[in-house]
Amino acid sequence: METKAPEAKPTARDVWMRGLFMLVLIIAFWAGQWLLNFLAIVQFIWLLAAREPNQFIARFGNSLSTWLAEVGRFLTCATEDKPFPWRPWPEATTAK
């Protein structure tokens, strides 16, 4: 999912707006990492008790991981596509 660089250089206003989006997404990324770590602990406890993974946690963790990757690509300017909430939440692929 590569995007081409724009033809014209962005204005100072464009750069500041992107900076604002980046700041919001940095905070959201931190919260997402915390949530993913919490889910990993809950999944481990579930695995100890039930001897099988909780499929809901597995699917949500998979989609959360995809979202974190999308945020990372936006923060590093690898893409101009803003992740959720500007786009739909990523679908969970089949966990293996």
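**Entry 1. The loop**

I began with arginine 51, which is found in the loop between helix 1 and helix 2. I took helices as DSSP runs of H or I with at least four residues, strands as E runs of at least two, each numbered from the N terminus. The model is a predicted one, in which local features need pLDDT of at least 70 and side-chain atom pairs count only at pLDDT 80 or more, while totals for chains, interfaces and linings use all residues. Residues are numbered from 1 along each chain as its sequence is written, and side-chain values use heavy atoms, with hydrogens and water left out.

I looked up the backbone of arginine 51 and found a positive phi of about 65°, although the residue is not a glycine. Its relative accessible area is 65%, so I recorded arginine 51 as exposed. For these classes, buried means under 20% relative accessible area, exposed over 50%, and partly exposed in between, with a 1.4 Å probe and protein chains only.

I then turned to asparagine 54, which lies in the loop between helix 1 and helix 2. Is asparagine 54 buried or exposed? Its relative accessible area is 15%, and I therefore entered asparagine 54 as buried. I also noted the separation of asparagine 54 from lysine 9: their C-alpha atoms are 48 Å apart, with the two positions 45 residues apart along the chain.

**Entry 2. The helix pair**

Two packed helices are described by the angle between their axes and the distance between the axes. I looked up both values for helix 1 (residues 12-50) and helix 2 (residues 55-75): the angle is about 155° and the axes are 9 Å apart. The axes are lines fitted to C-alpha atoms, for helices over the stretch in contact, and angles run from 0 to 180 degrees between N-to-C directions. Helix 1 and helix 2 are therefore roughly antiparallel to each other. The cut-offs are under 35 degrees for roughly parallel, over 145 for roughly antiparallel, 65 to 115 for roughly perpendicular, and oblique for the rest.

By class, the contact of helix 1 with helix 2 has 19 nonpolar, 6 polar and 1 charged residues. Here Ala, Val, Leu, Ile, Met, Phe, Trp, Tyr, Cys and Pro count as nonpolar, Asp, Glu, Lys and Arg as charged, and the others, Gly among them, as polar.

I checked glycine 72, which lies in helix 2. Glycine 72 has 25% relative accessibility and so counts as partly exposed. From glycine 72 to phenylalanine 29 I noted 8.2 Å, C-alpha to C-alpha, across 43 residues of sequence.

In helix 1 I looked at valine 24. Valine 24 is partly exposed because its relative accessibility is 42%. The C-alpha atoms of valine 24 and alanine 12 are separated by 19 Å, at 12 residues apart along the chain.

**Entry 3. Aromatic rings**

How many aromatic pairs does the structure hold? I recorded 5 aromatic pairs. Rings of Phe, Tyr and Trp (its six-membered ring) pair if their centres lie within 6.5 Å; planes under 30 degrees apart count as stacked, over 60 as edge-to-face and the rest as tilted.

One of them is the edge-to-face pair of phenylalanine 21 and tryptophan 86, at 5.1 Å centre to centre and 80° between the planes. This pair links distant parts of the chain, with phenylalanine 21 in helix 1 and tryptophan 86 in the segment after helix 2, 65 residues apart. Phenylalanine 21 is partly exposed at 21%, and tryptophan 86 is also partly exposed, at 38%.

I next noted the stacked pair of tryptophan 34 and phenylalanine 38, with 5.7 Å centre to centre and 0° between the planes. These residues are 4 apart in helix 1, which means that about one helical turn separates tryptophan 34 from phenylalanine 38. Tryptophan 34 is exposed at 54%, whereas phenylalanine 38 is partly exposed at 41%.

I entered one aromatic cluster formed by Phe60, Trp67, Phe84 and Trp89. Finally, arginine 18 lies over the face of phenylalanine 74, 4.0 Å from the ring centre; the criterion is NZ of Lys or CZ of Arg within 6 Å of the ring centre and within 35 degrees of the ring normal.

**Entry 4. After helix 2**

I looked up the peptide bond from phenylalanine 84 to proline 85 and found it cis, with omega near 20°. Proline 85 lies in the segment after helix 2.

Cysteine 77 also lies in this segment. Cysteine 77 has a positive phi of about 65° although it is not a glycine. With a relative accessible area of 47%, cysteine 77 is partly exposed.
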